[in-house]
Amino acid sequence: MQEKYIDETKQGEAYASAEKPENTKKLFLESYGCQMNFSDSEIVASILNDEGYNTTLNVEEADLILLNTCSIREKAEQTVRNRLSSFNHLKKNKPSLTVGVLGCMAERLKTKFLEEEHLVDLVVGPDAYRDLPNLLKEIEDGKDAINVILSKEETYADISPVRLGGNGVTAFVTITRGCDNMCTFCVVPFTRGRERSRDPHSILEECKELWNNGYKEVTLLGQNVDSYLWYGGGPKKDFDKASDLQKATALRFAQLLEMVAKELPGLRIRFATSNPQDMSLDVFRMMTKYPNICKYVHLPVQSGSNNMLKAMNRQHTREEYLELVKQAKAIVPEIAFSQDLIAGFCGETEEDHQDTLSLMREVEYDYGYMFAYSERPGTPAHKKMEDNVPPEVKKRRLQEIIELQNELSLKRMKTYVGKNHEVLIEGTSKKNENQWKARNTQNAVVVFDKMEGQNIGDLVTVHVYDCTQGTLLGKTV
Ligand code: SAH
Ligand code: F3S
């Protein structure tokens, strides 16, 4: 239904786009993991576009191969290592080929990468992409190159991303980078650094540019969008030291949403990811005030048990989470929620697991991203807690969570049947070329027969007459 994480068992996705005709070198760029990586790859493509590289989907013809990697779970890292091995024969045939690793694995493993993976010439962390041209020159001089310095300021605000392989209708716009939350299981604060917000004017400019280029929907991206804060520069943690004027004129997430929604009323706006402790009810009020703000929130919970939430250093209780959901539904009755959940975190009992299932039933999520806990080196959980839920128990609990989510998804989808929905056409359905694939405001996928005069990017009204667990079936009204 919603493609937020690329299934780690599959290959990453390589994207390409038409770029500068005068460029002669070829870049093969493949992304793994979260939306942020896909968005960062567009910045990387833009930087390298100015250095003579156009992207290609054919790895055989590449002069430069870059993998934008994910560290979130062990399996994600293994997938990347396997992929790297598959490039060995290319390098043998073409010694001038450069292979680089970007993103979270680069940041986590640093120079170890160059030692462990002999194929790799280049290691670049998420805040160092501006340095790519210099690093590539070092490689031309016969050296390995690495830059994994994390920044408190870098937001790539001034770089206009090259849109890669998308549908020309929906795009990601990064609004914050990094994360300060320090959930004990999570590697992100170590691989992506401190949280920082991007200048709102550059965000608005990017959205306008997208709109002018025919895009119809943006997803504002960050690890924790609700803690967005702009007060004229400086990291969030220094807000206390800001002047009175800076404090009075500070812009928070709800206002940023309003700014974009008001300025571009034809553009649909989504956002991800939300954190319960930072979410303000103003965000839900904006959804009712501006119809172009989609009525859908990805609100990870991780566990329904207070014991686990505490051990995970989540900044909210089960009760606070449920209260937020209740208030949101009161303000926006047709709102949809999705979750992230972890099964089998350190010390999780059967009772904790039951709490997760009961919380899921209470919220009635439309969709979810569910994972078995995977211990990550260097995280607080790895240092201080024992990964003591046996793998088969993790697996069984995860299975129960997934089965329940399937049940809830179907239940939610059924509530959409028999009603008219305004949907955005994203492209042709994968299963039937005579049908469109579109999404309603709740982010549910709707397929329906194409009609004369309809085009990709159109907002049309469809009547939903049936559904499966993942898809609504509709008819143009
Ligand atoms: N705030 C982020 C979360 C990134 S990680 C966002 O923008 O989505 C995405 C999800 O991966 C988390 O919500 C969590 O459910 C899961 N996750 C993180 N670390 C994990 C680990 N060590 N094992 C299993 N799942 C994990
Ligand atoms: Fe990770 Fe928690 Fe931040 S899950 S990305 S530390 S909000």
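Two strands count as paired if DSSP finds at least two bridges between them. The exercises below apply this criterion, among others, to a predicted model.

**Exercise 1. Determine how E18 is joined to strand E19 and to E21, and place these strands in their sheet.**

Begin with E18 and strand E19 (residues 435-439), which run antiparallel and are joined by 4 bridges, a count that meets the criterion of at least two. Within this pairing Gly 427 stands opposite Lys 437 in E19, and the connection from E18 to E19 is a hairpin that passes through 6 residues.

Next, take E18 together with E21, where the pairing is again in the antiparallel sense and extends over 5 bridges; here the bridge partner of Val 423 is Val 460 in E21.

Then follow strand E21 (residues 459-467) to strand E22 (residues 471-476), with which it pairs in the antiparallel sense over 5 bridges, His 463 standing opposite Lys 475 in E22.

Finally, assemble the strands: they belong to a closed barrel of 5 strands, in the order E18-E19-E20-E22-E21, whose pairing is mixed. From one strand to the next, the twist averages 55 degrees. H16 lies across E18, strand E20 (445-449), E21 and E22, and it runs at about 120 degrees to E21.

**Exercise 2. Describe the second largest pocket by its volume, its lining and the elements that contribute to that lining.**

The volume comes to about 360 Å³. The lining consists of 20 residues, of which Lys 295, Glu 334, Glu 422, Thr 441 and Gln 442 are the closest to the centre of the pocket. Two or more lining residues are given by each of helix H16 (391-416) and strand E18 (420-428). Sorted by class, the lining divides into 6 nonpolar, 8 polar and 6 charged residues.

**Exercise 3. Explain why one side of strand E8 and one side of strand E14 are left without a neighbour in the sheet.**

The starting point is the strand order, E8-E11-E14, in an open sheet of 3 strands with parallel pairing. Strand E8 (170-174) and strand E14 (268-272) stand at the edges of this sheet and have a single partner strand each, so each keeps one side without a neighbour. The twist from one strand to the next averages 25 degrees.

For the pairing itself, consider strand E11 (residues 217-221), which pairs with E14 in the parallel sense over 5 bridges; Val 218 has Ile 269 of E14 as its bridge partner. Helix H8 (residues 200-212) lies across E8 and E11, and its direction is at about 165 degrees to that of E8.

**Exercise 4. Identify the residues around ligand 2, and examine the backbone at Met 182 and at Thr 273.**

The shell around ligand 2 is made up of Cys 179, Asn 181, Met 182, Cys 183, Phe 185, Cys 186, Val 188, Pro 189, Gln 223, Asn 275 and Arg 314. By class these are 7 nonpolar, 3 polar and 1 charged residues.

For the backbone, it helps to recall that most residues other than glycine have a negative phi, and that most peptide bonds are trans. Met 182, located in the loop between strand E9 (176-177) and helix H7 (188-192), has a positive phi, near 55 degrees, although this residue is not glycine. The peptide bond from Ala 272 to Thr 273 is cis, its omega being near 10 degrees, and Thr 273 lies in the loop between E14 and helix H11 (281-289).

Technical notes:
Residues numbered from 1 in each chain as written. Chains lettered and ligands numbered in written order. Predicted model: local features only at pLDDT ≥ 70, side-chain atom pairs only at ≥ 80, totals over all residues. Heavy atoms only, no water. 1 Å grid on protein atoms, 1.4 Å probe; cavity = no way out; pocket = protein on both sides within 12 Å on 5 of 7 lines; lining within 4 Å. Points joined across faces, edges and corners; volume = space filled by probe spheres on them. Nonpolar A, V, L, I, M, F, W, Y, C, P; charged D, E, K, R; others polar. Axes fitted to C-alpha atoms, helices over the stretch in contact; angles between N-to-C directions. Contact = heavy atoms within 4.5 Å. Near = heavy atom within 4 Å.
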